[in-house]
Each structure stands twice: as structure tokens, then as C-alpha cells.
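User: Please take a close look at one helix pairing in this model, and at the salt bridges that go with it and beyond it.

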Amino acid sequence: MNDPSRDPAFLRGLTQSRGRGSRLTRRDALRMAGMSAAALALSACSIPGRKVAAPQKDAVATYWEGKKRTGTLRWANWPLYMDKQGKRYPTLEAFTKETGIQVTYQEAIQDMSTWFGKIQPQLAAGQDIGYDLMVMTNGLHLGKAIELGYLVPLDHSKLPNFAANAGAKFKNPSFDPGNTYTLPWQSGLTGIAYNPKYVDGEITSIQELWNPKYKGKVGMLVDTQEIANFGMFAVGVDPDKSGEAEWRKAGQKLQAQRDAGLVRKYYENDYVDALVRGDIWLCMAWSGDIYQQVADGQDLKFVVPQEGGTIWTDNMCIPKTAQNPVDALIMMDYVYQPKIAAALAEYITYITPVPSTQNLVREEAAKATGDDKKSLELMANSPLIYPSDADLARVRSYKSLSEAEEKVFQGIFQPITQG
């Protein structure tokens, strides 16, 4: 599109100058920093707070009783998850015009471990963190926030757009049953990417990552939750239903892969360049990275293996010390209007939780010309933005772990990538 911030050359320059700031690898690299850097540290210590059960309906009503909109919203999000200038996708400006709510929007979240470390002491003390709405990735830190009672239970009677327009896969997630505390912002998939220049035929099975003919040409992700899921898929285990016995079985499978010399490297986000160059021929990969490479003209393929893949989600949630929770709830529902969700999807180019936006993008593509038309058609027809029902049926989330389970889990999988 005619927007310099979406130009591939601009994105590459942003990546080089800011390290982890570009949408090309932004979401995936930042998530990795949060999930792997502090997992052991968090699991090894006790986080002060109050463990709570899921709220009953009367608890939801009690929280929201008497609360009114103030006309103000303070929102913390990840970088490049909103067109702040609003030149082409004026979501914030449109929201203010429609509702009268003034939004202070900040790209305050760089990784989950740093963010949680910053807000946790304040939330534990009942202090305002300076934001009414924040976006957290499913995994260790979001799980802790829910477990310790740091998030506001949502009033779903005030979320009609979510009820009407959210895709079935984005409702009732295993990490937050019933969307009690969270609504999806954007999602992505972890699957297998491969370079058809070096790989004969199509890759469909996760077992190809253990194929001896690719010795030294396989890339795996360094994050323990990511490789654990793939290890479990490879031995026929659903991560949501797994325990220590299944983890050890998956760990043995992954260790055998390493011992056989199949893995060239355990990557953070630098696998993309290695895949393009041919240093590796196939690897675990994130859908957002591969979509941007395809949009940039690279001939790469992405597949959700028949045995399973992973879906991760960035989620909107309201901290318990929010000063403007009603305004936050209004925004959460606002972005589930299909036209608004479509505008966000066009800018962000990750998986939108509103599948009906696909038809809107197609309609816009039919009216567009030149590069705009090409970009919109690519997006509308991409399974990396709009996964098929078959792909979504095969994906699973990360296993929700207690503090004790986290220690065992990390003890099994971290030595594989770090040894």
C-alpha cells in the first residue's frame, strides 16, 4: 500500500536500527524475549499476590456496579500494533469521534517479562499502573496475572460485538475459559516454514523435522514452550492434556533430534534470514514472519503440520487498578466491529479474531489499483492471515503451568536448547 511504514525496505531498515522494533519480526521476537528470558527466574520465586478462582456472575456484577465512563482511556500496547498517526487506518480518531472518549495510547510493552516485572509490584499493592487497558500474550505472565487476581472480570453483557463477530477459535480459550478476563487482540501461528528451492515436494508432517535427509538443515526455536509443543505433537500428545510423563516423552524425542545432528541451530527470530539463504531448509516458524517475507517476494512456504501447530494470542485485558474500566470495556468491544477489525488487520497483518473481515478486504481489493490491489489480494487470500478451518482445528495453545509444574517443565526442555 502507499504507506512507507508498510514498505519492506522500510521495515528492514527499522529492524536493523531498532533490533526488535519492526513488524517484520516485531511481534514474534518481542514475545520470545518475554517467554524465554525470565521463565526460570519467575518459576523459581514466589510472586506475592492472592490466588483467586474464576469469578461468579455476582462477582462480575459487583465489580461493575456503579462504574461509569469518564471519557478517558489510557492504553498500553506493543509497538506497531496500531496506526497511531491515523493517516490511513484512523482507529483511535474514529473511536474518539464516535464515543467522545479521549485515548492516550502508548507503545509501552516491549516484552512480557519486563512488563510484568514493572506492573506486578504495583498491582500487588493495589496501585494504579497508569493504564486502563493493556495487551498481554497468553503464557506464563498472563497466567500469573489471572491467578493472582490482577485482572478485572469482564462484563460480557457489554460486549455484543465480540459475541457476534469473534471467530469460534477465539472464544473460550484454554488459558482463559469463557474469556473471563481477556479478549483477543491479534494472533499468530507456529508451524513449519520451508524453502522449496531445497525441499522436494510439500512438507505436511512434523516428522520431517526428524528426517535424516535434512541433517544439519533443520531449524528449531529456542523457546522452551515452543519446542515443547512441537515435541508433544511429534509423539501424539495434546499439550493441553499433558503432564510430566508426556513432557519427558517429548523431551526424549527432541533430544534424539539434537543428538542426531539434525538441528543446525535453535533460533530466536534470526531463522528467517537463514531460511532465505539456504543455511537451513525447513524450520519451526511464526506465521507473521513468513507472511512478511512472502509479501516481500521471497518464495517460502508455511504449513501447520498434520500432527498439530501452536496458536498464540495477544489479549486485551483490564488491570484491577484501572481508573477508567468502563471506557476500556467500550474500546474492547469497539474493535470487534468488522470494519474496524478489517482496518486493523490491514495495518497489522497478523491473524484477526474477526474472520468476517476477509470479505471486507476482498471488497476493498476489488476497488483498489496498483500496489494497493496487490497487497490487499495477497492478504485476503493468505492462510497466514485467514487460516483455514482445518488449520485452526489442528492448533493448540501452550500448556498452562502452575509454579511447581513450571520448574519441572523448564528442567526438561531448557537443557535441550541450551546444552
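Analyst: Angles under 35 degrees between helix axes count as roughly parallel. In this predicted model, the axes of helix α10 (residues 244–259) and helix α18 (residues 403–418) come within 9 Å and cross at roughly 5 degrees, and the two helices are therefore roughly parallel to each other. On the α10 side the contact is made by E244, W247, R248, A250, G251, L254, Q255 and R258, and on the α18 side by E405, V408, F409, I412, F413, I416, T417 and Q418. These contact residues divide into eight nonpolar, four polar and four charged.

Two of the α10 contact residues, E244 and R248, also form a salt bridge with each other, the closest N and O atoms being 2.9 Å apart. They lie four residues apart in helix α10 and are thus separated by about one helical turn; E244 is partly exposed, with a relative accessible area of 39%, and R248 is partly exposed as well, at 42%.

The salt bridges number 11 in total, and a pair in another helix can be set beside this one. In helix α16 (residues 370–380), E377 and K373 are four residues apart, about one turn of the helix, and their salt bridge has its closest N and O atoms 3.7 Å apart. E377 is partly exposed at a relative accessible area of 36%, and K373 is partly exposed at 26%.

In helix α17 (residues 389–394), R394 and D391 are three residues apart, about one turn of the helix, with the closest N and O atoms of their salt bridge 2.5 Å apart. Here R394 is partly exposed, with a relative accessible area of 25%, whereas D391 counts as buried at 14%.

Methods
Residues numbered from 1 in each chain as written. Predicted model: local features only at pLDDT ≥ 70, side-chain atom pairs only at ≥ 80, totals over all residues. Heavy atoms only, no water. Axes fitted to C-alpha atoms, helices over the stretch in contact; angles between N-to-C directions. Parallel < 35°, antiparallel > 145°, perpendicular 65-115°, else oblique. Contact = heavy atoms within 4.5 Å. Nonpolar A, V, L, I, M, F, W, Y, C, P; charged D, E, K, R; others polar. Salt bridge = Lys/Arg side-chain N within 4 Å of Asp/Glu carboxyl O. Buried < 20%, exposed > 50% of the residue type's maximum accessible area, 1.4 Å probe, protein only.
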